[in-house]
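Here are some notes to read alongside the model. Take them point by point, with the structure open next to you.

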Amino acid sequence: MRYIFGPVNSRRFGLSLGIDLSPEQKACNFDCIYCELRAAKPLDHIPNPPKVEDIIKEVKEALFKYPDIDVITITSNGEPTLYKDLDR
């Protein structure tokens with residue numbers, strides 16, 4: 001799977017499935033010194049964002065494979081709110 005990772009055990013949330021909205025490169029509008037990702041030029045968008053339909057397809061496949069997921073975490077290699085279709 002390209003956009004889905006996990007499941008990951010979380011003490012707070014239980015079994016978590018992750019969605020990475022920027023799988024190809026770091027996309028963030030900040031360049032924080034404490035960031036766990038490598039330094040990169042700040043961006044105001046996610047280059048080559050995944051299609052919503054492709055993400056939904058992978059989520060469905062993952063939920064079929066792991067039916068006991070407690071939570072889905074939306075994340076990114078950077079800032080997930082830069083994803084232009086986040087509201088969808």
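1. Let's start with a salt bridge: the side chains of glutamate 53 and arginine 88 meet, at 3.0 Å from N to O. Glutamate 53 sits in helix H1, while arginine 88 belongs to the segment after strand E3 (71-75), so this pair ties together parts that are 35 residues apart in sequence. Glutamate 53 is partly exposed, because its relative accessible area is 47%. Arginine 88, with 58%, counts as exposed. Keep in mind throughout that this is a predicted model.

2. How many salt bridges does the structure hold? There are three. Another one joins the side chains of arginine 2 and glutamate 24, with 2.5 Å between N and O. Here the segment before E1 supplies arginine 2 and the loop between E2 and H1 supplies glutamate 24, so parts 22 residues apart in sequence are tied together. Both ends have some access to the outside: arginine 2 is partly exposed at 46%, and glutamate 24 is partly exposed at 43%.

3. Then there is the pair of lysine 26 and aspartate 31, whose side chains form a salt bridge at 3.9 Å, N to O. Is lysine 26 buried or exposed? Its relative accessibility is 7%, so lysine 26 counts as buried. Aspartate 31 comes out as partly exposed, at 38%.

4. Now for the inside. The largest nonpolar core has 15 residues, and the ones with the most contacts inside it are Ile4, Ile19, Leu21, Ile46, Ile55 and Tyr83. Two elements give two or more residues to this core, namely strand E2 (14-20) and helix H1 (52-65). H1 gives the most, with four residues. If you want one residue to click on, try isoleucine 46: setting aside neighbours within four places in sequence, it is in contact with Leu21, Ser22, Ala27, Glu79, Leu82 and Tyr83.

5. Which residues line the largest pocket? They are Ile19, Leu21, Val52, Ile55, Ile56, Val59, Ile74, Tyr83, Asp85, Leu86 and Arg88. The pocket has a volume of about 160 Å³. H1 provides the largest share of the lining, four residues. Sorted by class, the lining has nine nonpolar and two charged residues, and no polar ones. You will recognise Arg88 in that lining, since the salt bridge with glutamate 53 involves arginine 88.

6. Have a look at strand E1 (4-10) next. Phenylalanine 5 is found in this strand and counts as partly exposed, because its relative accessibility is 37%. Leaving out neighbours within four places in sequence, phenylalanine 5 is in contact with Leu17, Gly18, Ile19, Asp20 and Thr75. Its C-alpha atom is 9.1 Å from that of serine 16, a residue eleven places away along the chain.

7. Serine 16 itself is in strand E2. Is serine 16 buried or exposed? The cut-off for buried is under 20% relative accessible area, and serine 16 has 9%, so it is buried. Beyond its neighbours within four places in sequence, serine 16 is in contact with Gly6, Pro7, Val8, Ile69, Val71 and Thr73.

8. Phenylalanine 13 lies in the loop between E1 and E2. It is partly exposed, with a relative accessible area of 44%. Not counting residues up to four places away in sequence, phenylalanine 13 touches Asp70 and Val71. Its C-alpha atom and that of isoleucine 33 are separated by 28 Å, and the two residues are 20 apart along the chain.

9. Finally, two backbone details to check by eye. The peptide bond from glycine 6 to proline 7 is cis, with omega near 10°, and proline 7 lies in strand E1. Asparagine 48 is not a glycine, yet it has a positive phi of about 50°. Where is asparagine 48 placed? You will find asparagine 48 in the loop between E2 and H1, and it counts as exposed, because its relative accessibility is 56%.

How values were computed
Residues numbered from 1 in each chain as written. Predicted model: local features only at pLDDT ≥ 70, side-chain atom pairs only at ≥ 80, totals over all residues. Heavy atoms only, no water. Core = buried A, V, L, I, M, F, W, Y, C linked by side-chain atoms within 4.5 Å. Buried < 20%, exposed > 50% of the residue type's maximum accessible area, 1.4 Å probe, protein only. Contact = heavy atoms within 4.5 Å. 1 Å grid on protein atoms, 1.4 Å probe; cavity = no way out; pocket = protein on both sides within 12 Å on 5 of 7 lines; lining within 4 Å. Points joined across faces, edges and corners; volume = space filled by probe spheres on them. Nonpolar A, V, L, I, M, F, W, Y, C, P; charged D, E, K, R; others polar. Salt bridge = Lys/Arg side-chain N within 4 Å of Asp/Glu carboxyl O.
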